[in-house]
Amino acid sequence: MAKTEERITGLQKAAILLIALGPEKSSNIFKHLKEDEIEELTLEIANTRTITPQVRDEVLDEFYQVCLAQQYIAEGGINYAKEVLEKSFGADKARDVIGKLTASLQVKPFEFVRKTDPSQLLNFIQDEHPQTIALILSYLSAAQSALIISALPPDRQADVAKRIAVMDRTSPDIIKEVEKVLESKLASLVNQDYTIVGGVDAVVEILNTVDRGTEKHIMETLEIEEPELADEIRKKMFVFEDILLLDDRAIQRVLRDVDNSDLAIALKGSNEEVQNAIFNNLSKRLAVMIKEDMEFMGPVRMKDVEEAQQKIVNIIRKLEDSAEIVISRGGGDEIVV
């Protein structure tokens, strides 16, 4: 890959990768990028005239190797990733790939904690200060954090959730100190000035995983204590693509309250799986009409798509709150029939 690296920039590689992946996969990637990143990539893609098979294959090969390295690091850390990559690609290639990642990949502290059983960890941290608990949970998977936050006393659940949501940057000295308390062996990996952790997205992922009762208690408390924060969290708690979590009966109930024009615009920016889930729950005549509307309306601004999708999401949340529909969750909701 050395020759390609000398000829093209990282932005050009990203554009080549998106072109090679095709429009459907690339559009899904765009959903996770910032506006300025999308603009830069779109411009680069537009300016890309020809791509030789050799360059395309080299870019795809590099992307594959970096993905492998990230997976190996997640499984066993940098040393494990380096060892596996050396066996697969040789020492030089392994060093090259790991080198690319160390500049951008943040290997999270508390790696040993993520491999600890949540119930054992709960016994260890439940008497700690809520800020300490929030810091630790920010580094765990959403499933682990959901189990722990659900088991905390009700008066501490919302406090911890709020601290996760408003957490921005944490001094490495504090992280190291907490790691020492938890007998961490990975404090040496924290080598940056500040580590980004927590945030609204982190608490949203946790709340999407806990049971409905815990989520409701936390949100009701936050609405009283931090109404703006609660509103920001609620907007992110259920995205349009999560309509796949609903069964057919619930989707049909939702669609009764959705304006057809909003539905057509919302589906313009959704993937094929979501579109099929919607169309399968419409009458054949209405499905054909919506598809025709989507075809004839032409290009639609992403802002309009997001607004239409948010309208439908608001309807879903309202119907869930009134117990007219049930959203399938991974946090142990019990449905009595």
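**Figure 1. A323 lies in the segment that follows α20 (302-321).** In this predicted model, A323 is a good place to start looking around. Although A323 is not a glycine, its phi is positive, at about 65 degrees. Most residues other than glycine have a negative phi. A323 counts as exposed because its relative accessibility is 63%, and the cut-off for exposed is over 50%.

**Figure 2. Here is the protein chain as a whole, with its 20 helices and 2 strands.** The chain has 337 residues, and 40% of them count as buried. Its accessible surface comes to about 19500 Å², with 51% belonging to carbon and sulfur atoms. Among the contacts with a separation of 6 or more, 75% join residues that are 24 or more positions apart. If you go looking for paired aromatic rings, the count comes to 0.

**Figure 3. Confidence along the chain averages a pLDDT of 75.** A score of at least 70 is reached by 72% of the residues. Please read two stretches with some care. Over residues 1-6 the pLDDT stays under 50, and the model gives this stretch 11 contacts beyond four places in sequence. Residues 184-196 also have a pLDDT below 50, with 29 contacts in the model beyond near neighbours in sequence.

**Figure 4. The largest nonpolar core brings together 31 residues.** Which of them touch the most other members? They are L137, I149, V160, I164 and I233. Two or more residues come from each of α8, α9, α10 (142-151), α11 (154-166), α13 (200-207), α14 (212-225) and α15 (227-237). The helix that gives the most to this core is α13, with 6 residues. A closer look at V160 shows it touching P130, I133, A134, L137, I149 and L152, leaving out residues up to four places away in sequence. Apart from this core lies another, made of 29 residues that include I251, V258, F279 and I316. As background, nonpolar side chains tend to be buried together in soluble globular proteins.

**Figure 5. P118, in helix α8, meets residues well along the chain from it.** P118 counts as buried because its relative accessibility is 16%, and buried means under 20%. The C-alpha atoms of P118 and Q144 are 5.9 Å apart, with their positions 26 residues apart in sequence. Beyond neighbours within four places, P118 is in contact with Q144, L147 and I148.

**Figure 6. Q126 sits in the loop between α8 (118-125) and α9 (130-138).** Is this loop residue buried, exposed or partly exposed? Q126 counts as partly exposed, with a relative accessibility of 29%. Setting aside residues up to four places away in sequence, Q126 touches I133, L152 and R156. I133 and L152 are also among the residues touched by V160. Between Q126 and I148, which are 22 residues apart along the chain, the C-alpha separation is 8.6 Å. I148 is also one of the contacts of P118.

**Figure 7. G199 has its place in the loop between β2 (195-196) and α13.** With a relative accessible area of 13%, G199 is buried. Its contacts, beyond neighbours within four places in sequence, are I164, A165 and M167. One of these, I164, is also among the residues that touch the most other members of the largest nonpolar core. G199 and K162 are 37 residues apart in sequence, and their C-alpha atoms are 9.4 Å apart.

**Figure 8. Helix α17 (residues 260-268) has D262, L263, A264, A266 and L267 as its buried residues.** These residues pack against α16 (248-256), α18 (272-279), α19 (284-296) and α20. The charged member of the group deserves its own look. D262 is buried, with a relative accessible area of 17%. Leaving aside neighbours within four places in sequence, D262 is in contact with A308, K311 and I312. The C-alpha atoms of D262 and Q310 are 9.8 Å apart, for a sequence separation of 48 residues.

**Figure 9. The charged end of K291 sits over the ring of F279.** The distance from this charged end to the ring centre is 4.8 Å. You have met F279 already: F279 is one of the residues in the core of 29.

Conventions:
Residues are numbered from 1 along each chain as its sequence is written. This is a predicted model: local features need pLDDT of at least 70, side-chain atom pairs count only at pLDDT 80 or more; totals for chains, interfaces and linings use all residues. Side-chain values use heavy atoms; hydrogens and water are left out. Helices (H or I, at least four residues) and strands (E, at least two) are DSSP runs, numbered from the N terminus. Buried means under 20% relative accessible area, exposed over 50%, partly exposed in between (1.4 Å probe, protein chains only). Contact means heavy atoms within 4.5 Å. A nonpolar core is a set of buried Ala, Val, Leu, Ile, Met, Phe, Trp, Tyr and Cys residues joined through side-chain atoms within 4.5 Å. Rings of Phe, Tyr and Trp (its six-membered ring) pair if their centres lie within 6.5 Å; planes under 30 degrees apart count as stacked, over 60 as edge-to-face and the rest as tilted. A charge sits over a ring if NZ of Lys or CZ of Arg is within 6 Å of the ring centre and within 35 degrees of the ring normal. pLDDT is the predictor's confidence in each residue, from 0 to 100. Accessible areas come from the Shrake-Rupley method with a 1.4 Å probe; for residues, only the protein chains shown count as cover.
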